[in-house]
Number of protein chains: 4
Amino acid sequence: MSARPSTRRSPDKYNAILRAATKIFARKGFFNSKVADVAREANVADGTVYLYFKNKDDILISIFNRTMEDAIATGRHALAVMSDPIAKLRQVAYLHLERLGRDRNLAVVFQVELRQSTKFMEQFSTTKLAEYLDMIRKILEEGQRAGVFRTKLDTKMAAKVFFGALDEMATNWILSRRTYRLVSTVDPVVELFCTGLCPDRAEA
Amino acid sequence: MSARPSTRRSPDKYNAILRAATKIFARKGFFNSKVADVAREANVADGTVYLYFKNKDDILISIFNRTMEDAIATGRHALAVMSDPIAKLRQVAYLHLERLGRDRNLAVVFQVELRQSTKFMEQFSTTKLAEYLDMIRKILEEGQRAGVFRTKLDTKMAAKVFFGALDEMATNWILSRRTYRLVSTVDPVVELFCTGLCPDRAEA
Amino acid sequence: MSARPSTRRSPDKYNAILRAATKIFARKGFFNSKVADVAREANVADGTVYLYFKNKDDILISIFNRTMEDAIATGRHALAVMSDPIAKLRQVAYLHLERLGRDRNLAVVFQVELRQSTKFMEQFSTTKLAEYLDMIRKILEEGQRAGVFRTKLDTKMAAKVFFGALDEMATNWILSRRTYRLVSTVDPVVELFCTGLCPDRAEA
Amino acid sequence: MSARPSTRRSPDKYNAILRAATKIFARKGFFNSKVADVAREANVADGTVYLYFKNKDDILISIFNRTMEDAIATGRHALAVMSDPIAKLRQVAYLHLERLGRDRNLAVVFQVELRQSTKFMEQFSTTKLAEYLDMIRKILEEGQRAGVFRTKLDTKMAAKVFFGALDEMATNWILSRRTYRLVSTVDPVVELFCTGLCPDRAEA
DNA sequence: AATGAATGAGGGTTCATTCAT
DNA sequence: TATGAATGAACCCTCATTCAT
């Protein structure tokens with residue numbers, strides 16, 4: 001019918017609802033969260049939520065989109081002034097895990113709630129996530145040209161593996177009792193990813 | 001109230017329901033699947049489902065548990081007769097991805113539907129998943145003792161990274177148009193994991 | 001999706017819901033009636049209503065259809081054994097007004113609630129109502145052939161006028177304090193319809 | 001709380017809202033029409049509607065009242081200069097059907113939307129409608145005194161029947177595909193009403 | 001054991017109305 | 001007077017679960 005509600009008037013309310021939703025979804029799960037819960041947490045009336053979001057799904061999607069846009073923008077900006085491919089990879093890992101480690105609610109939503117259904121995931125993976133994987137891939141290709149990474153590497157697959165590693169770090173951290181800081185996994189992961197399991201043959 | 005529903009009486013019906021549920025959950029998502037859908041697919045009455053499963057959640061959990069038990073048993077059995085740690089890793093990856101690649105419905109349930117909520121995930125990760133990660137870790141430690149893997153490696157983290165890589169392969173395969181066979185990713189992943197991104201200094 | 005619910009099992013419940021709905025709709029109006037009200041009046045659970053009817057609209061439509069089918073069947077049956085066209089008209093008027101006069105709830109639903117919207121009315125008028133008007137028209141044509149009714153009469157229009165007269169009698173009766181019996185209007189209406197306003201020139 | 005909203009300040013806006021409401025109600029039905037729809041159609045803000053009308057019901061009532069007041073005034077005025085009772089009846093029929101035939105939206109609101117509930121109808125029938133029926137009745141009584149209409153006629157009932165005939169003409173016209181002009185039914189109806197179905201005995 | 005009709009709690013969403021500007 | 005963002009009560013319908021047969 002009508003155009004996407006979006007931010008009609010107050011960015012404050014829009015942000016408040018998004019923040020509240022992240023908290024509620026993280027705490028109770030998306031499906032078990034009521035829109036009324038989100039509204040109460042955001043200190044707005046139930047109906048107000050629908051002035052800013054098309055429906056409940058749209059809230060979840062908006063959390064994802066906004067965070068990914070921030071992440072990609074921040075990533076691109078940070079990478080722009082760097083040249084060492086390994087440092088760039090480390091930077092991506094750092095920004096990724098630091099962001100989630102800083103906000104457990106956001107982490108839960110990203111690692112758990114967003115994986116609700118193929119409906120969501122297909123939508124996400126074909127847009128923002130593909131863009132994110134591509135950003136990683138470009139670093140790897142750059143590294144290949146610079147002779148820092150092996151030439152015979154399948155960069156598309158390697159990008160997935162790298163992302164998979166970060167993803168697993170985040171998921172594990174959430175499901176653990178969080179006795180450690182998530183960013184503390186950045187260096188080991190990057191190191192492992194670059195060096196591999198096997199001892200440097202040079203050692204031999 | 002009553003005793004825990006059992007699988008004793010008719011394993012046929014129990015299996016039929018589990019198979020039906022995997023199909024339905026994969027197709028429509030866990031939350032959007034109705035118990036009645038599962039019952040119809042399994043050719044039993046709605047009420048019959050409750051003779052075999054405590055509730056809807058229990059069906060999902062049972063899919064997970066049974067598959068994991070199979071996987072761990074199959075894995076242990078296959079690994080028992082092998083000695084090369086790298087071959088063992090490759091075997092784990094193969095069994096993991098071959099199983100999911102063979103049954104897309106199961107793959108969807110594992111990669112998507114089981115991640116419904118922290119409630120499920122915490123339950124899973126503290127039992128079967130921990131056991132699975134431990135199995136991987138033991139291979140790595142064995143490899144360290146055999147001098148095949150670097151000693152300074154954090155095997156716990158490396159196990160997670162390895163699992164994360166396999167997990168991402170599976171998820172990506174589901175979300176892609178599946179134009180390739182999932183098992184085709186086994187060798188590249190294992191190779192990357194062992195060798196790392198960087199060129200062998202020996203090459204130089 | 002699924003087939004029309006209709007009478008799945010118990011005609012008792014089906015009838016109870018229809019009777020309850022007639023009462024509730026008559027009392028509070030269709031739009032202001034809650035399905036829960038109907039269910040309570042029928043002594044069934046809310047959800048049970050949906051085992052027998054597709055939705056709230058379907059209840060209203062079912063009241064109309066069932067009543068009209070009864071009316072047309074009863075009418076045809078009664079007319080079959082009669083020959084005098086005027087007597088037939090009187091019979092139609094009698095059955096029409098006696099039925100509504102016997103059940104004020106039904107009368108209210110027919111005279112008021114069913115006129116909710118063009119959506120309903122167009123649906124009704126093109127099927128059952130058209131059939132009813134046609135039944136009247138056939139009597140008039142028969143009367144013309146028998147020389148009892150004027151030949152130059154537009155029977156289609158006269159049928160509408162006759163129906164309009166009965167309809168207005170019913171509506172007026174409902175909106176009045178019902179100090180009279182609805183059937184008492186049968187003879188005057190038929191007489192007026194046959195004779196007209198003007199004095200018989202033969203009188204002069 | 002506050003005083004009854006008035007039409008004083010801006011008759012333009014008042015009329016615009018009434019015109020818009022007639023259109024919207026006709027198109028979507030009263031219950032399915034949103035006040036916001038009416039406001040948009042009238043090019044005013046939602047809240048402005050409440051400066052001119054007490055609530056949504058009040059808009060519908062106002063459409064009825066204003067139209068009836070016009071109709072009765074116009075009728076009285078036209079009848080004042082006439083003497084022949086049959087001509088007067090024809091004039092009433094003409095004004096009635098010409099008005100509705102000229103504005104389909106208004107016709108739909110009158111024939112369909114106003115019959116929403118006994119709440120509305122009782123309110124209407126005890127005031128404006130009674131007045132209208134009374135106007136018709138007076139013509140009939142006058143005709144009786146003049147010897148044009150039969151003396152033994154129940155004028156109250158005959159007035160209802162006449163109104164019922166006009167009402168049915170209007171309803172039928174709306175529900176048909178409107179392939180004819182509504183006013184074309186004036187003469188046949190009046191003629192039928194005066195002469196009746198049966199052939200003039202004088203003919204014999 | 002198996003059935004499936006019946007249950008009824010639950011929630012996303014709409015929209016008439018208000019009121020601060 | 002006019003606005004339109006905000007409100008929150010209201011409700012249809014779904015569906016997991018039960019239980020009489």
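**View 1. The protein surface around DNA strand E.** Here we zoom in on the 35 residues that surround DNA strand E, with A:G47, B:G47, C:G47, C:T48 and D:N55 the closest; a residue is near a strand if its C-beta atom, placed from the backbone, lies within 6 Å of it. Two or more residues each come from α2 (35-41) and α3 of chain A, α3 of chain B, α3 of chain C, and α2 (35-41) and α3 of chain D. Helices are DSSP runs (H or I, at least four residues), numbered from the N terminus. Sorted by class, the surface near strand E splits into twelve nonpolar, ten polar and 13 charged residues. In that sorting, Ala, Val, Leu, Ile, Met, Phe, Trp, Tyr, Cys and Pro are nonpolar, Asp, Glu, Lys and Arg are charged, and the others, Gly among them, are polar. Keep in mind that this is a predicted model: local features need pLDDT of at least 70 and side-chain atom pairs count only at pLDDT 80 or more, while totals for chains, interfaces and linings use all residues. Residues are numbered from 1 along each chain as its sequence is written, and chains are lettered from A and ligands numbered from 1 in the order in which they are written.

**View 2. The protein surface around DNA strand F.** Of the 35 residues around DNA strand F, the nearest are A:G47, A:T48, C:G47, D:A45 and D:G47. Chain A brings in α3 (46-52), chains B and C each bring in α2 (35-41) and α3 (46-52), and chain D brings in α3 (46-52), each element giving two or more residues. The class count for the surface near strand F is twelve nonpolar, ten polar and 13 charged.

**View 3. Two asparagines in loops.** B:N43 sits in the loop between α2 and α3 of chain B, and C:N43 is in the loop between α2 and α3 of chain C. Neither is a glycine, yet phi is positive: near 60° for B:N43 and about 60° for C:N43. B:N43 is exposed, since it has 11 other C-beta atoms within 10 Å. C:N43 is exposed too, with 11 other C-beta atoms within 10 Å. The cut-offs: exposed means 12 or fewer other C-beta atoms within 10 Å of the residue's own, buried means 20 or more, and partly exposed is in between, with C-beta atoms placed from the backbone.

**View 4. A buried phenylalanine in chain D.** D:F149 lies in the loop between α8 (128-145) and α9 (155-175) of chain D. D:F149 counts as buried because it has 24 C-beta neighbours inside 10 Å. Look also for D:P85, 64 residues away along the chain, with its C-alpha 8.7 Å from that of D:F149.

**View 5. Where chain A meets chain B.** 43 residues of chain A are in contact with 43 residues of chain B, contact being C-beta atoms, placed from the backbone, within 7 Å. On the chain A side, α7 (118-125), α9 (155-175) and α10 (186-195) each supply at least two residues. The top contributor there is α9(A), with twelve residues. By class, this side of chain A has 23 nonpolar, ten polar and ten charged residues.

**View 6. Chains C and D about an axis.** A turn of 179° and a shift of 0.0 Å along the axis lay chain C on chain D with an RMSD of 0.2 Å. That is the relation of a two-fold axis. The fit is by least squares on C-alpha atoms of residues with pLDDT of at least 70 in both copies. In chain C, C:G196 has the C-alpha nearest the axis, 1.9 Å from it.

Conventions: Contact = placed C-beta atoms within 7 Å.
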